[in-house]
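Colleague: I'm new to this, so please pick one spot where parts of the chain meet and take me through it slowly. After that, tell me how the rest of the model looks.

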Amino acid sequence: MSTNQVQGGSNGHQPARGNGRDVVIETHNLRRRFGKTVAVDGLDLTVYRGEIFGLVGPDGAGKTTTLRLLAAIMNPDEGSATVAGFDTRRQSERIKERIGYMAQSFSLYGDLSIIENINFFADVFGVTGKVRRERIDRLLAFARLDRFRKRRAGRLSGGMQKKLGLACTLIHEPEILYLDEPTTGVDPVSRREFWDILTNLHVDGVTIVVCTPYMDEAERCSRVGLMFDGRLIEVGSPEEIKSRVPGQVIQFLPGDRLRARDLLRETEGIKEVQTFGELLNIFVEDVDAGREIILKAMQDAEISVSEMRQIAPRMEEAFVSLIRRRELDETAN
Ligand SMILES: Nc1ncnc2c1ncn2[C@@H]1O[C@H](COP(=O)(O)OP(=O)(O)OP(=O)(O)O)[C@@H](O)[C@H]1O
Ligand SMILES: [Mg+2]
């Protein structure tokens with residue numbers, strides 16, 4: 001991709017500024033209901049030019065609905081959203097020219113070849129002639145698909161299909177890219193390759209909003225918004241989010257995981273207990289004191305302890321911890 005595709009505040013639309021950075025997406029009290037379900041519940045969100053903003057949250061949190069509202073393909077019931085300075089309700093066409101949207105349900109034409117699929121999207125976006133040929137060459141090289149031009153999309157691996165989907169989404173060189181779980185179900189190597197492409201787009205200045213269920217992907221975002229029940233409950237860089245977990249984390253392998261978990265959840269001095277496969281992650285105020293508390297509790301209950309060590313909390317632990325705290329707050333109220 002070339003850098004000249006990214007033009008800030010094009011058409012004389014001056015971008016708003018926040019913290020000295022250009023604001024590309026801004027929502028105020030955005031709300032969208034489906035019957036009794038409030039899918040997006042008073043969202044206040046700011047995305048700055050050139051960042052990779054990750055939207056994470058459990059199933060049904062409202063991530064896809066948020067992207068649809070930001071893509072101006074669905075109207076909010078209340079509140080407002082601007083994208084590249086344009087209002088999603090009144091200026092949806094101006095927004096659609098500037099965004100690329102790879103929906104969660106995005107699908108290619110399985111019977112068409114790679115090149116036929118990408119040509120189809122070029123037609124849809126009115127990309128023609130020499131520009132079209134050059135872009136297709138560049139995108140296919142970029143996605144490392146150029147060797148397979150004639151292969152039918154239905155016969156590509158999952159990872160290759162996602163990369164082709166991304167290439168199709170980029171054919172009109174959008175300045176803002178929305179990706180809804182673009183790598184779900186893709187093997188780890190292909191996921192990494194896909195993210196290398198995103199990083200290149202990011203370097204070129206494209207603003208990316210990506211929904212992902214994968215915490216290692218959230219780690220690669222500039223900032224992450226944690227959605228729960230239609231609301232954005234935390235926003236920050238991965239480092240900031242991780243620093244919001246309570247205390248320090250001790251991990252160990254108990255002889256009886258479920259009994260150990262239930263017991264420690266009732267033990268004084270333990271802030272939180274998370275299961276992680278066969279292991280337990282225990283959140284404590286202080287590691288040394290925490291270790292003593294755990295060992296005593298396990299000894300009293302005759303549960304063996306091995307592989308005990310302190311771990312640095314990752315997005316995974318932070319995410320579960322923040323969601324759990326929110327759930328506890330809600331049941332308390
Ligand atoms: N078109 C619709 N009609 C009715 N309900 C809907 C519709 N779209 C979304 N919902 C509901 O709104 C809530 C939020 O859904 P949404 O798809 O935005 O969540 P999500 O965070 O993207 O979930 P997932 O991780 O499963 O993709 C859910 O309760 C969902 O059932
Ligand atoms: Mg979704």
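Modeller: Let's start with a word you'll need: a crossing of two helices is left-handed if the near helix is turned anticlockwise from the far one by less than a right angle, and right-handed if clockwise. Keep in mind that what you're looking at is a predicted model.

Now find helix H3, residues 114-124, and helix H5, residues 158-169. Their axes come within 9 Å and cross at roughly 30 degrees. Angles under 35 degrees count as roughly parallel, so H3 and H5 are roughly parallel to each other. Their crossing is right-handed. Which residues do the meeting? On the H3 side look for Ile114, Asn117, Ile118 and Phe121, and on the H5 side for Leu164, Ala167 and Cys168. Sort that contact by class and you get 6 nonpolar residues, 1 polar and no charged ones.

Next, zoom out to the whole chain. It has 333 residues, and 39% of them count as buried. Besides its 11 helices, the protein chain has 15 strands. Its C-alpha atoms fill a box of roughly 75 × 45 × 40 Å along the principal axes. Looking at contacts with a separation of 6 or more, 70% are between residues 24 or more positions apart.

You can see one such far-apart pair in strand E14, residues 279-284, which is where Leu279 lies. Leu279 and Leu253 are 26 residues apart along the chain, yet 4.7 Å separates their C-alpha atoms. If you ignore neighbours within four places in sequence, Leu279 touches Gln251 and Phe252 as well as Leu253. Is Leu279 buried or exposed? Neither quite: it counts as partly exposed because it has 16 C-beta neighbours inside 10 Å, while buried takes 20 or more and exposed 12 or fewer.

Last stop, ligand 1. The residues around it include Phe34, Thr37 and Ala39, then the run Gly60, Ala61, Gly62, Lys63, Thr64 and Thr65, and also Gln104. Strand E3 (37-48) and helix H1 (63-70) each supply at least two residues of this shell, and H1 gives the most, with 3. Here the class count comes to 3 nonpolar, 7 polar and 2 charged residues. Set that beside the contact of H3 with H5, where there were no charged residues.

Terms used. Residues numbered from 1 in each chain as written. Chains lettered and ligands numbered in written order. Predicted model: local features only at pLDDT ≥ 70, side-chain atom pairs only at ≥ 80, totals over all residues. Near = placed C-beta within 6 Å. Helix = DSSP H or I, 4+ residues; strand = E, 2+ residues; numbered from the N terminus. Nonpolar A, V, L, I, M, F, W, Y, C, P; charged D, E, K, R; others polar. Contact = placed C-beta atoms within 7 Å. Axes fitted to C-alpha atoms, helices over the stretch in contact; angles between N-to-C directions. Parallel < 35°, antiparallel > 145°, perpendicular 65-115°, else oblique.
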